[in-house]
Amino acid sequence: MVLNIKQGSTSHSAYDLRDPNAQIEERHTLAVLVENEPGVLARVIGLFSGRGYNIDSLTVAETDHEGHRSRITIVTRGTPSVIVQIKAQLGRIVPVHEVHDLTTDGPSIERELGLFKVVGTGDHRVEALRIAEIFRANVIDSTLTSFVFEINGSPEKLDAFADLMRPLGLSDQARTGVAALARGA
Amino acid sequence: MSRKMTGARMIVEALRDQGVDTVFGYPGGAVLPIYDELFQQNDIQHILVRHEQGAVHMAEGYARSTGKPGVVLVTSGPGATNAVTGMTDALLDSIPLVVLSGQVPTFLVGTDGFQEADTVGITRPCTKHNWLVKDTEKLAATIHQAFNVATSGRPGPVLIDIPKDVQFAEAEYVGPKQVDTSNYQPRRKGDIESITRLVELMEQAERPIFYTGGGVINSGPGASQLLRELVDATGFPITSTLMGLGAYPASGKNWLGMLGMHGMYEANLAMHGCDLMIAVGARFDDRITGRVADFSPGSVKAQIDIDPSSINKIVHVELPIQGDVGHVLEDMLKIWKSRGRKTNSEAVRKWWTQIEQWREVKCLAYTNSDSVIKPQHALERLEALTKDRDRYIATEVGQHQMWAAQFLQFDEPNRWMTSGGLGTMGYGLPASVGVQVAHPDALVINVAGDASWLMNMQEMGTAVQFRAPVKQFILNNERLGMVRQWQQLLHGERYSQSWSDSLPDFVKLAEAFGCKGRQVSDPAELDDAIREMIEYDGPFILDVLVEKHENCFPMIPSGKPHNEMLLSPEAEAFSGGAALV
């Protein structure tokens, strides 16, 4: 007997049935809309630590004061089956209202804010300023021996900026983690 | 009408409005106002336990045997931490519980106050949800929400932490109907297109099997009824997990017995060789699957579960159906009937022939003895002497638990209380008390091992105080039997710490608690001893001295696939034709 059954056999399937045996780790950005109540962030983070999932970055802030909603943006990493499981587990948390996978649900944009302190004098200082201009970074603090740059962009852009600043005297950096939204209406 | 009252009164009022008749608990400083309110009413009985873990397991026994949520009341700090094991147990077995814990007053929270613990922090991963109520205004609504969360969707334990000043302060009471629970309403109906696809697969399947679990029982008696109708109408074989025993009757013609690590040979081989697996409220636990890579390699798998995170978690499922088991089974039956009640009956007949050959292995065979009581024999006699009664069975955890699952027959749901997911030794005695409180006239037996039973033996005091005539059937091998078995089979017979030294005299212990005990070691006296236990009007401890080195077979060693089961020396070698395995 041949049981012809295609993966994702129903159009209404709530499940992502791509090859579960693929062992390749993927990076996914999840937007989790939660009830803004005490402990909700601990529940989400506790889920990741308790079940051994990875968090690359996490940002959270209230987005709807009237509706008591906060938005948690999580960048995580895992095989396709692990990513499906993470989403299902997040969905089980009682104060979680919605879970969106911005990586698979359509095009999305990601931005991160970074502050970078570069310490140096002479040519290094001039070079740092020149590179900052190319990256459209702003100087938001300056002393005779240091700058603090503010830069917006994708995590990759911030990584590239940090790599270039390192030989020029990068001493500290603070990054917000990724905020992301789906494109379009 | 204004209904202003203290938080403590509000709690009792809310419990009453939720239909609660019994609370299992233990008083302490941070819950004194609630105990004061309980003192002044007669609608809710309070069962005073001897240890908070016992309270939670009693509430589990109560919940599992009635289908209603169990309610627990404990004090702050140690009261709450002692309840953690029970809540974790209930979480893994999806048992609805509402646990109320006292907390130090809000102005002391965070100061390391006397008997302060971060209860919501500690219990966050072992509850379905929990709340710290800082304002009496929100207390009643939170309790009603808690009952909704505990019992909706996949059931589970919830905890409400209530500081003492919140219990004293006054506010307006709100009833259950005034509380909006729409923010937590899990989906119950399954996707009709998927269900239709499953029915198509059932019509074609040559080697189908129903693999059912605790979800059927949690879905209510209606789900068990529908399951029976569907299984009997299709003629498909059915097996069940430990948690699902009784959903389909053990006396039913399509019953293969339990599957899994100590499951029946025929059930495990049928799972391995099937071409269509219909998982109903079962979650592919590691004790079920064995080595996942070799689990039922040739089958199309469909899974019905109310919890989407249980689907595709361990085993890839081609046809997932998210929904309540009862609703989905109803739709399945309706669609299957409307399409003409078709099955591939010729092929299914052949499949049964194959299963019968596996059955001939007689995997539960053991050598009986005239001189020493074999544990399997003890359970066979218990079954024979109690099967015609209104009987509930609880167990502890270990060999005796597996033998009970193999040798006792369950024809109805909600009659089998056992710690499946967490495997909590010490579960059975308090669970049996909880069952007895809910069913005062029923015969409630805890099948126990000597080691497990000692873990919560203080609850015999509760049984005696509340005249709960629970029967403690202890299979005493003076060993941690399952540990000893693994050490024998897998750790070179090095029996590290797996024997029970300095065991109490269980008969004297029974007398010390104010109930009755008897020891039996002669197989010829076993029936008489069991009869005395059953007929005694009160709690009874029967200390059955059994063979000390008996192993529980069949057994799938950890990490092995279903077709590499270890069989007892007494089982017949498999001789039937071309196996599918």
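Chain A of this predicted model holds an open sheet of four strands, in the order S2-S3-S1-S4, with antiparallel pairing. Its edges are strand S2 (57–64) and strand S4 (96–101) of chain A. Each of these two pairs on one side only. On average, neighbouring strands of the sheet are turned by 20 degrees against each other, direction ignored. Strands of a sheet pair through backbone hydrogen bonds, either parallel or antiparallel.

Look next at one pairing within the sheet. S2(A) and strand S3 (residues 69–78) of chain A run antiparallel, joined by seven bridges. Asp64(A) stands opposite Arg69(A), a residue of S3(A).

Now turn to the surface of chain B. Leu489(B), Leu490(B) and Leu566(B) make a nonpolar surface patch there, of about 210 Å². Leu566(B) lies in the segment after strand S20 (540–545) of chain B. Why can Leu566(B) be called partly exposed? Its relative accessible area is 33%, and partly exposed covers the range between under 20%, which is buried, and over 50%, which is exposed. A patch residue needs over 30%, so Leu566(B), at 33%, passes that cut-off too.

Two cysteines of chain B give a contrasting reading. Cys126(B) has 5% relative accessibility, so this residue counts as buried. Cys515(B) also counts as buried, because its relative accessibility is 8%. Both values fall under the 20% limit for buried residues.

How many disulfides are there over all chains? The count comes to zero. The rule asks for a pair of cysteine sulfur atoms within 2.5 Å.

Terms used: Residues numbered from 1 in each chain as written. Chains lettered and ligands numbered in written order. Predicted model: local features only at pLDDT ≥ 70, side-chain atom pairs only at ≥ 80, totals over all residues. Heavy atoms only, no water. Patch = residues over 30% accessible without salt bridge, like charges linked within 9 Å, V, L, I, M, F, W, Y side chains within 5 Å. Areas by Shrake-Rupley, 256 points an atom, 1.4 Å probe, with all protein chains shown as cover. Salt bridge = Lys/Arg side-chain N within 4 Å of Asp/Glu carboxyl O. Buried < 20%, exposed > 50% of the residue type's maximum accessible area, 1.4 Å probe, protein only. Pairing = 2+ DSSP bridges. Axes fitted to C-alpha atoms, helices over the stretch in contact; angles between N-to-C directions.
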